[in-house]
Amino acid sequence: MTKEFKVTEVDGVQVVGEGVGFERIRRITGYLVGTLDRFNNGKRAEEHDRVKHNVSCCSLTDSRSA
Amino acid sequence: MIREIIKRDGRRTAFELDKIANAIFKAAQANGGSDYEMATALARQVAANLEAGSDEVVPTVEQIQDMVEKVLVKSGHARTAKKFILYRDERTRVREMNTRLMKVYEDLTFKSSLENNIKRENANIDGDTAMGTMLKYGSEGAKQFYDMFILDPEHARAHREGDIHIHDLDFLTLTTTCCQIDLLRLFQGGFSTGHGFLREPNDIRSYSALACIALQSNQNDQHGGQSVPNFDYSMAPGVAKTFRRAFTNNLTKAVEIYLEQEDGELMSKSIIAQAEKETGRTAAFAGGNGFDEAVLAHLEEHMDEATAQKALRFTRKYAVKETRRATYQAMEALVHNLNTMHSRAGAQVPFTSLNYGTDVSPEGRLVMECLMLATEAGLGNGETSIFPIHIFKVKEGVNYNPGDPNYDLFKLAMRVSAKRMFPNFSFLDAPFNAQYYKPGHPETEATYMGCRTRVIGNAYDPTREIVNGRGNLSFTSINLPRIAIRSHGDIDFFFEDLDRKIDLVIDQLLARFKIQSQKKVRNYPFLMGEGVWLDSEKLDPDDTVGEVLKHGTLTCGFIGLAETLKALIGVHHGESDEAQNLGLEIVKHMRDRMDEATAKYHLNFSLIATPAEGLSGRFVRIDREKYGVIEGVTDRDYYTNSFHVPVYYPISAFEKIRREAPYHALTNGGHISYIELDGDPTQNLEAFETVVRAMKEAGMGYGAINHPIDRDPICGYTGIIGETCPRCGRREGEGVPIEKLQKLGLYRHLNSTTLGYHGDPNEEADRQVNPL
């Protein structure tokens with residue numbers, strides 16, 4: 001059975017997706033986890049602190065227009 | 001006069017003088033005493049003191065015990081008193097533990113995983129399900145049992161207090177960690193799962209189905225993950241068999257069409273048989289082995305040359321097409337199965353790793369291409385699959401450079417990884433991996449399991465330095481930052497204390513190995529019973545497994561090198577060369593100690609860069625309680641993973657690789673480095689490749705690139721989602737107008753199954769084709 005999302009009315013407009021979050025897949029220690037909800041407290045804090053590593057020679061954002 | 005006493009739970013019970021006498025006698029016995037009369041006399045004295053003239057007293061158990069201590073000391077039985085106090089403390093600890101265990105059970109029962117950290121210890125176990133909770137009851141109960149009755153008290157205390165962490169403690173007396181399964185060997189002649197026998201597979205679809213079953217069965221015999229070291233080589237025969245069958249079937253059809261025969265099977269089978277006999281070859285997926293020509297010659301006996309050529313072209317075209325299709329379906333099914341099939345009573349899916357990349361046969365190449373394409377496509381609604389972990393083996397001359405036979409697959413691996421975070425990349429040319437490599441022997445290609453475990457060297461049997469049928473037995477990690485905090489900047493003290501902890505870990509690994517060794521083949525119906533583990537096929541069901549287990553590794557791990565360096569000299573190895581040198585010295589020392597232990601015990605001791613999922617928070621929690629908040633050391637909720645530069649520290653990808661690579665050479669039990677990329681790497685595969693190549697050139701063994709993969713379940717968009725979904729414009733938790741979804745072609749009618757992403761024509765039109 002496919003998942004059915006509720007249709008609600010907001011200001012007279014029919015909408016879907018109220019109360020539905022985005023799924024965020026992250027690597028935990030080596031495997032992927034479908035949602036941060038399953039992370040333990042320590043790993044949640046660690047994931048929150050992660051910073052990106054700059055690839056100076058060929059920045060990802062620059063080349064998108066290319 | 002004492003008639004009754006008050007028990008700990010508040011209930012009253014009849015007073016028995018013998019019970020006091022017995023307790024005193026036992027304490028005296030522990031010191032070599034044997035005078036029960038004396039014990040009874042002392043017990044009478046205790047009772048008399050408690051009564052102390054009153055008519056009716058009802059003492060509590062604690063009051064009686066206090067009085068026993070007093071009487072023993074006063075009457076000159078100091079040593080017996082000491083034993084009695086020890087005994088009393090021990091009983092108190094056991095009692096408290098029982099209470100604590102019941103409290104843990106209560107929380108497991110009545111709290112959801114959102115409130116209960118224990119239920120989230122491992123993110124791949126769903127602690128909210130019935131079976132997940134049952135598993136946790138077992139796990140928590142087992143840990144307390146071992147703590148009280150099995151573990152050496154010194155090891156138990158070190159674990160309890162957070163000096164060391166005995167991983168998978170709940171399985172201490174039960175099994176070993178993981179195994180690299182040689183499917184090729186397992187499939188020969190078929191195998192039994194312990195619940196039923198399966199024939200040797202004859203089609204790529206059955207090859208892939210049986211691969212899943214093998215991984216699942218073995219997962220239930222061990223507490224860690226399962227890995228296939230040679231997935232490409234293992235599946236290739238399945239493709240070859242599928243092609244042969246498809247070739248015969250299509251030749252039959254060709255004969256029926258071009259000769260207008262009712263039933264061409266007899267003729268096609270006879271042609272195939274003759275061609276096989278003449279050439280000594282069989283129909284091959286890539287052709288070019290002379291078989292097709294032999295078939296053509298026989299076809300010409302029944303039809304003119306032009307028609308025979310047409311018939312052969314037809315046969316080959318559809319055989320190839322059907323084989324490709326079957327292989328893709330088989331790989332798609334495998335990915336689906338490995339994300340849905342249950343293991344461990346339904347609490348988990350099997351924790352699986354597939355290594356591949358070096359098989360240059362057309363069949364092996366097709367397997368890899370299809371597996372990666374199926375992974376790229378995603379699951380049912382385009383979701384990213386969580387398992388298996390893919391590890392693409394990178395090797396110069398095989399797939400690393402343009403012109404190498406599998407270079408196209410290396411490129412595909414990077415494209416898929418840029419979208420799905422898998423494959424990871426292992427590097428066979430790293431000197432510590434290259435030393436085992438023998439061309440033509442895939443079993444000598446270093447592979448990685450699960451998060452990072454590596455098993456290839458073999459001091460126990462140097463003629464078997466291979467990956468197949470081997471794995472880790474158990475591992476225990478050292479709390480490095482704790483030692484550093486206690487050193488107060490004294491490096492000599494640090495190394496002395498580190499040595500004491502290493503001694504303890506070696507001792508504990510050996511004690512656990514002794515327990516594991518006494519297990520029998522019948523305890524592991526698949527792992528040992530089916531001969532998956534190296535040399536286990538030589539054993540009978542009632543033989544102990546100790547000798548063959550020696551092919552496995554006993555591994556010491558560590559966590560928080562960065563915090564250790566911070567505590568010792570105020571800087572970590574990402575920010576200072578001095579710290580880097582000290583970091584390398586520390587890790588090299590640990591490795592040297594493992595090599596010494598290997599030589600001494602003739603067992604495979606190794607050093608692992610501990611993955612630390614549950615552990616990352618546990619050590620720091622205990623240390624913060626003990627030593628307070630120390631900046632850069634205990635001020636976060638986690639210790640940094642093994643030798644990694646801290647995740648919060650800004651550093652370029654290449655500098656991070658340069659800093660971490662030397663640790664890969666030292667950690668022979670396993671390692672991995674991560675690079676976090678910003679933005680959508682599918683838009684810049686060049687940058688992605690630069691990072692992978694930098695890892696390889698720096699001499700790393702194993703690396704992976706992290707990037708955000710978000711998904712909006714409403715419109716199905718997969719990519720990076722910030723505040724709003726780039727496809728439908730929805731904000732987290734808010735609704736999106738149906739009209740908008742309809743315009744995007746994502747919604748047809750109320751509760752229709754078309755809700756969610758089923759193909760966005762605009763997006764698909766933009767996709768770049770990367771032909772193989």
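# Reading a predicted two-chain model

Modeller: Buried residues make up 32% of the 66 residues in chain A. Of the 772 residues of chain B, 48% count as buried. Keep in mind that this is a predicted model.

Colleague: Then confidence comes early. What are the ipTM and pTM of the model?

Modeller: The ipTM is 0.76 and the pTM is 0.85. Chain B has an average pLDDT of 91, and 95% of its residues score at least 70. In residues 751–772 of chain B, the pLDDT falls below 50. That stretch still has 26 contacts in the model beyond near neighbours in sequence.

Colleague: How should such a stretch be read?

Modeller: Where pLDDT is low, predicted coordinates should not be read in detail.

Colleague: Next, the overall build. How many helices and strands are there in chain B?

Modeller: Chain B has 25 helices and 18 strands. Chain A has 2 helices and 4 strands. Along the sequence, chain A runs β-β-β-β-α-α.

Colleague: What does the C-alpha trace of chain B span along its principal axes?

Modeller: About 125 × 60 × 55 Å. Domain 1 (4–87) and domain 4 (234–336) are among the assigned domains of chain B. Their centres, taken over C-alpha atoms, are separated by 91 Å. Domain 3 of chain B is assigned in two segments, 151–176 + 472–660.

Colleague: Can a single residue pair illustrate that span?

Modeller: Take L266(B) and E723(B). They are 457 residues apart along the chain, and 66 Å separate their C-alpha atoms. L266(B) belongs to helix 10 (residues 265–279) of chain B.

Colleague: Is L266(B) buried or exposed?

Modeller: Count the neighbours. A residue is exposed if 12 or fewer other C-beta atoms lie within 10 Å of its own. L266(B) has 11 C-beta neighbours inside 10 Å, so it counts as exposed.

Colleague: What about contacts across the sequence in chain B?

Modeller: Take the contacts in chain B with a separation of 6 or more. Residues 24 or more positions apart account for 68% of them.

Colleague: Now sheets. What is the general idea?

Modeller: Strands of a sheet pair through backbone hydrogen bonds, either parallel or antiparallel.

Colleague: What is the strand order in the open sheet of 7 strands in chain B?

Modeller: The order is 4-7-8-9-10-15-14, with mixed pairing. Strand 4 (179–180) and strand 14 of chain B are the edge strands, each pairing on one side only. Helix 23 of chain B packs on this sheet, touching strand 9, strand 10 (424–427), strand 14 and strand 15 (702–706). Its direction makes about 30 degrees with that of strand 10 of chain B.

Colleague: Show me one pairing inside the sheet.

Modeller: Strand 8 (residues 352–356) and strand 9 (residues 389–394) of chain B run parallel, joined by 4 bridges. Y356(B) has F392(B), in strand 9, as its bridge partner.

Colleague: Which strands form the open sheet that includes strand 18 of chain B?

Modeller: Its 3 strands follow the order 1(A)-2(A)-18(B), with antiparallel pairing. Strand 1 (7–10) of chain A and strand 18 of chain B are the edges. Strand 2 (residues 13–16) of chain A is joined to strand 18 of chain B by 2 bridges. There, V15(A) stands opposite P737(B).

Colleague: And the interface as a whole? How is its size usually given?

Modeller: Often as the accessible area lost when the parts come together. Here, read the residue counts: 64 from chain B and 49 from chain A. Helix 23 of chain B gives the most to the side of chain B that touches chain A, with 4 residues. That side divides into 31 nonpolar, 17 polar and 16 charged residues.

Colleague: Last, backbone geometry. What is the usual case?

Modeller: Most residues other than glycine have a negative phi, and most peptide bonds are trans.

Colleague: Where are the exceptions here?

Modeller: Start with cis bonds. The peptide bond from F387(B) to P388(B) is cis. P388(B) sits in the loop between helix 13 (362–377) and strand 9 of chain B. The bond from F422(B) to P423(B) is also cis. P423(B) lies in the loop between helix 14 (407–420) and strand 10 of chain B.

Colleague: And positive phi?

Modeller: D11(A) has a phi of about 50 degrees. It is in the loop between strand 1 and strand 2 of chain A. With 6 other C-beta atoms within 10 Å, D11(A) is exposed. H488(B) has a positive phi near 50 degrees. Its loop joins helix 16 (480–487) and helix 17 (491–517) of chain B. H488(B) is exposed, with 10 other C-beta atoms within 10 Å.

Conventions:
Residues numbered from 1 in each chain as written. Chains lettered and ligands numbered in written order. Predicted model: local features only at pLDDT ≥ 70, side-chain atom pairs only at ≥ 80, totals over all residues. Domains from an automatic or database assignment. pLDDT = per-residue confidence, 0-100. Contact = placed C-beta atoms within 7 Å. Nonpolar A, V, L, I, M, F, W, Y, C, P; charged D, E, K, R; others polar. Pairing = 2+ DSSP bridges. Buried ≥ 20, exposed ≤ 12 C-beta atoms within 10 Å, placed from the backbone. Axes fitted to C-alpha atoms, helices over the stretch in contact; angles between N-to-C directions.
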